[in-house]
Amino acid sequence: MQKIIGSILIVAGTTIGAGMLAMPIISASVGFTFMAFILFCIWFAMYYTAILLVDVYKYNPPTDGLNTLTVKYLGNSGAVATALSMLILMYALVSAYITGGGEIFRTNLEKWLQVEISSHTSAFLFTAVFGSIIAFGTRVVDFSNKIVFTTKLIFLCIVMALLLPKVEMIHLQHLPTSSIPVLATIPVIFTSFGFYVVIPTLVKYLDGNIKQLKLVFLIGSITPLLLYLVWELTFLGNLDSNTFTAILQENSKMEGLLKAVKQVHNSKMIGISFTLFASAALLTSFWGVAMALKDYIQDLGKNKPLIKNNMSAMLLTFIPPLVFAIFYPDGFVIALGYASIPLVVLALIMPMLMLQKAQKQAGVKQPFLQKLAFVFLWGLSLLIFILQGLMVAEVIPAY
């Protein structure tokens, strides 16, 4: 039972992170109704494809990593595409968490201890202090994650308890004036359910118990969905859309959200609670993704003793994103912005292709409802590709 609870918290903790902090920013001009619909649709897609990948393990030992499975079912070209997508996604996310976590680390040192350090130093210290935990394995990450996740929920509850009583229905009735801001939220919201990277790790951790894994991913993914809905309700129900948008235009980072919060409830308690929640949210996501990245690197190099070595894997896990954080100290949004494309490949397309191949090899006929679900997933994949491409080309704004 302890492993199941720990696994649920790893899924939820990996999910509830930087994406949650970005949600109020991207949804300020969209409104609660549309955001709730988008959140539900993307949650369903991500939960369903997680179950698809778990089902692939019906035909494989739980020790097989993602690279092993893609080579088996999709060949070398599929393995290369998956490896590139996996590495780009996880390096982008770890880079985002290092830049975001380093910034929080730096500002809090200045605020509480009057110690000024550079963004380069703060990124290095954040990585060295919190990244070192990954070296001790899943059990230690599990234990640490439970503590920080509980802390995160406590301070999230404090923030919501102070703000929810001030929610006004008139603010929740806001509707966007065009479809562009609604569509622009989809890639970012999609990235906010990025627990896919921990699936192979948890399959191995739970010894491939399919029933337990399906329960873990159901509870572990629906918990963030419910929290996201209440989170959006809290922010969008407290501020007029135009006022909120104006605040975020001045400062779109966490300081902008904190300024918006203080405008509703200007107390020291809510400022501290929000800062601690944001710190814990980044930390749990950082641990989940970094742990998955290290495991994936070791799976890639299982026939190469130097890469398979724990210390080598740690260096390969943290040096590239740390270099990014040093050269792009404000790259939090940049790193997150490009995570949706590889996540589409990994979390939507690859599970469908691998399960189809596994079922075909096992002589299992694909169920009709599964075929319908695949049509929805292919449509969502194409939509996200198009939207992200339009954002990169600046045809539509990112937020």
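Leaving aside its neighbours within four places in sequence, with which residues is Asn145 in contact? In the predicted model, these residues are Leu9, Ile10, Thr284 and Trp287. Asn145 itself lies in helix 6, which covers residues 138-163. Its relative accessibility is 3%, so Asn145 counts as buried, the cut-off for this class being under 20%. A polar contact leads from the side chain of Asn145 to the backbone oxygen of Leu9, at a distance of 3.1 Å.

Leu9 and Asn145 also both take part in the contact of helix 1 with helix 6. Two packed helices are described by the angle between their axes and the distance between the axes. For helix 1 (residues 2-15) and helix 6, the angle is about 65° and the axes are 9 Å apart. The crossing of these two helices is left-handed. On the side of helix 1, the contact is made by Gln2, Lys3, Gly6, Leu9, Ile10, Ala12 and Gly13. Helix 6 contributes Thr138, Arg139, Asp142, Asn145, Lys146, Phe149 and Lys152. By class, the residues of this contact comprise 4 nonpolar, 5 polar and 5 charged.

Helix 15 was examined for its length and its buried residues. This helix runs over residues 310-327 and holds 18 residues. At 1.5 Å a residue, a span of 26 Å is expected for helix 15; the end C-alpha atoms are 27 Å apart, which agrees. The buried residues of helix 15 are Ser312, Ala313, Met314, Thr317, Phe318, Pro321, Leu322 and Ala325. An α-helix has 3.6 residues a turn, so residues three or four places apart point the same way.

Backbone geometry was considered at two loop positions. Most residues other than glycine have a negative phi. Gln114 is not a glycine, yet has a positive phi of about 55°. Gln114 is placed in the loop between helix 4 (66-113) and helix 5 (119-131). With a relative accessibility of 60%, Gln114 counts as exposed, a class that requires over 50%.

Asp207, likewise not a glycine, has a positive phi of about 55°. The loop that holds Asp207 lies between helix 9 (199-205) and helix 10 (210-236). Asp207 counts as exposed because its relative accessibility is 57%. Gln114 and Asp207 are thus exposed loop residues, whereas Asn145 of helix 6 is buried.

Conventions:
Residues are numbered from 1 along each chain as its sequence is written. This is a predicted model: local features need pLDDT of at least 70, side-chain atom pairs count only at pLDDT 80 or more; totals for chains, interfaces and linings use all residues. Side-chain values use heavy atoms; hydrogens and water are left out. Helices (H or I, at least four residues) and strands (E, at least two) are DSSP runs, numbered from the N terminus. Buried means under 20% relative accessible area, exposed over 50%, partly exposed in between (1.4 Å probe, protein chains only). A polar contact is a pair of N or O atoms within 3.5 Å; within protein, one must be able to donate a hydrogen and the other to accept it, and residues adjacent in sequence count only if both atoms are side-chain atoms. Contact means heavy atoms within 4.5 Å. Axes are lines fitted to C-alpha atoms, for helices over the stretch in contact, and angles run from 0 to 180 degrees between N-to-C directions. A crossing is left-handed if the near helix is turned anticlockwise from the far one by less than a right angle, and right-handed if clockwise. Ala, Val, Leu, Ile, Met, Phe, Trp, Tyr, Cys and Pro count as nonpolar, Asp, Glu, Lys and Arg as charged, and the others, Gly among them, as polar. The expected span of a helix is 1.5 Å times one less than its number of residues.
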